[in-house]
Amino acid sequence: MASNNAAENNLPAFIWDEALIRRYDLSGPRYTSYPTAVEFTQKYGIEDMVKAAGRSKASGGPISLYTHLPFCAHLCYYCACNKVITKKRDKAMPYVERVLKEAAIQSKLFGADRPVQQLHWGGGTPTFLPRDVMQHLMAGYAELFNLQSGDERDYSVEIDPREVDQDTLSTLWELGFNRISLGVQDVNPEVQKAVNRIQPRDMTEAVLNEARRIGFRSINLDLIYGLPYQTPESFAQTLESVIEMSPDRLSVFSYAHLPDRFYPQTRIQADTLPSPQQKLTILHNTINRLLGAGYEYIGMDHFAKPDDSLAVAQREGRLHRNFQGYTTHSDCDLVSLGVSAIGQTDDAYFQNNHDLPSWEASIDAGQLAIVRGVGLSRDDRIRRWVIGQLICQFRLDRKLFADKWSEDFDRYFADELNRLKPMIQDELIGDDGGVLQVQPAGRLLIRAICQIFDLYRKEGASQRFSRII
């Protein structure tokens, strides 16, 4: 497969063009799925999901196993996740017992013998779980699923460094995890106080160093820009601290202030937030600094060292995107467990109830808790593949498209190619007749490019999405 690495194509990794950014920085999906979650409908129910799982089982292949663990001991004011704030650790075991009941149903539906190539615990705060509860959950999974122990497995967990005791990391390692992601957001004390997340740099660094010593690879740090009291200067200092820690991957997310939708954000005063221009400056400086430090821009807030598996997969044209973000496991159907979790097969998405008591009641009744989803048409699958190529590889090869879908790209997407012309003129994307190639100025605006191929956005569905940048 031809390389899409900008440097190898004699292109800069990205070009910052403020006029283009202002023109195209509208709202748009993040394309962790296509169709996006706003297209999920309550008409899609448990029977539909069972049929989709049956088709998945018949097709075989590896699976990805996601678990949503909603508990947090502390409330971070910026958070938009589905969570339960509690200090009561005894809530963890009843929840995990229900997850295992749900897992028993799903392992039968999807096939218990399929190798679990990818496994992820998200939240909430997975490290809220006491050690014995973590062990119980993973032992249950080992009985119900075909867990892997080889180096090719990708078993990751989100970690709050404030919720790590002396044996947390060693326990996770013993349970089979080999990747971790640390929530940091910002190391500046004033910013941390304003978002109710006091986490000294030394604490984060100690967890990262211990994880390295144990053997964890592809350690990721999460940062957020646009938080209260951040300035370009203060965030640059945070970035220097993070670069010194030298994580393998970095996620740098934009904070979207939506207090009407996410109640914890009402604790954040709007007049303490950086201005839109300051946010743009922070992002511009951050990308420049990380590229200068040797990281590659994977796209959509993500950076990785050149030897990290994400960067390698992108260079080789096999990067994929799902509800956990970028991944190297494109061939895995997604089995998702726990409140609000979203599962995926080749032709369907389905989501559990967001409401914890309702989810619990379904599981206690011996039923699945699916409350909405969507079945994919052939057109949906074609468009998902196209958007996936653009957002992951930054290129789309017409011959590859024709080989996979037995369709002529220019005929199938005649209208889209017409609407793409202004972006070609603005040098966001290039078209040599064989390949659509996202240009350096288009990498930041990839969500705008992808929307051209999104049939649901074309039809004018006015859903609230975050701004592209």
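**Exercise 1. Find the bridge partner of Leu 221 in S9, then place strand S8 among its neighbours.**

Solution.
Step 1. Leu 221 has Leu 250 as its bridge partner in S9. This is a predicted model, in which local features need pLDDT of at least 70, side-chain atom pairs count only at pLDDT 80 or more, and totals for chains, interfaces and linings use all residues. Residues are numbered from 1 along each chain as its sequence is written, and side-chain values use heavy atoms, with hydrogens and water left out.

Step 2. Strands (E, at least two residues) and helices (H or I, at least four) are DSSP runs numbered from the N terminus. Two strands pair if DSSP finds at least two bridges between them. S8 and strand S9 (residues 249-254) are paired in the parallel sense over six bridges.

Step 3. Strand S7 (residues 179-185) also runs parallel to S8, and five bridges join the two. Here Gly 183 has Asp 222 of S8 as its bridge partner.

Step 4. Buried means under 20% relative accessible area, exposed means over 50%, and partly exposed lies in between (1.4 Å probe, protein chains only). Strand S8 (residues 217-225) is largely enclosed by the rest of the structure, because eight of its nine residues are buried.

**Exercise 2. Compare the surroundings of Ser 156 and Glu 158 in strand S6.**

Solution.
Step 1. Ser 156 lies in strand S6, and Glu 158 has its place in S6 (residues 154-159).

Step 2. Ser 156 counts as buried because its relative accessibility is 14%. Glu 158 has 29%, so it counts as partly exposed.

Step 3. Contact means heavy atoms within 4.5 Å. Setting aside neighbours within four places in sequence, Ser 156 is in contact with Leu 119, His 120, Trp 121, Phe 177 and Arg 179. With that exclusion, the contacts of Glu 158 are His 120, Trp 121, Gly 122, Gly 123, Pro 126, Thr 127 and Ser 181.

Step 4. UniProt, in an unreviewed entry, lists Tyr 66, Gly 123, Glu 158 and Ile 342 for "binding site". UniProt positions are given in the numbering used here, feature names are shortened, and annotations may be inferred rather than shown by experiment. The unreviewed entry in UniProt also places "domain: Radical SAM core" at residues 57-293. That span is 40% helix and 21% strand, and its end C-alpha atoms lie 44 Å apart.

**Exercise 3. Starting at Ile 342, trace the pairing from S15 through S16 to S17.**

Solution.
Step 1. Ile 342 is in strand S15 (residues 342-345). Its relative accessibility is 14%, so Ile 342 counts as buried. Not counting residues up to four places away in sequence, Ile 342 touches Phe 40, Phe 323, Leu 334, Ser 336, Phe 350 and Gln 351.

Step 2. A hairpin leads from S15 to S16 through two residues. The two strands pair in the antiparallel sense over four bridges, and Gln 344 has Tyr 349 as its bridge partner in S16.

Step 3. In strand S16 (residues 348-352), five of five residues are buried. Ala 348, Phe 350 and Asn 352 point one way from S16, while Tyr 349 and Gln 351 point the other way.

Step 4. S16 pairs with strand S17 (residues 370-375) in the antiparallel sense over five bridges. The partner of Asn 352 in S17 is Ile 370.

**Exercise 4. Describe the sheet formed by S18, S19 and S20, and the helices lying across its strands.**

Solution.
Step 1. The three strands form an open sheet in the order S18-S20-S19, with antiparallel pairing. Strand S18 (395-397) and strand S19 (429-431) are the edge strands, each pairing on one side only.

Step 2. S19 and strand S20 (residues 435-438) are joined by three bridges in the antiparallel sense. Gly 430 has Gln 437 of S20 as its bridge partner.

Step 3. Axes are lines fitted to C-alpha atoms, for helices over the stretch in contact, and angles run from 0 to 180 degrees between N-to-C directions. Helix H13 (residues 398-405) lies across S18, S19 and S20, at about 60 degrees to S18. Helix H15 (residues 414-425) lies across S19 and S20, at about 120 degrees to S19.
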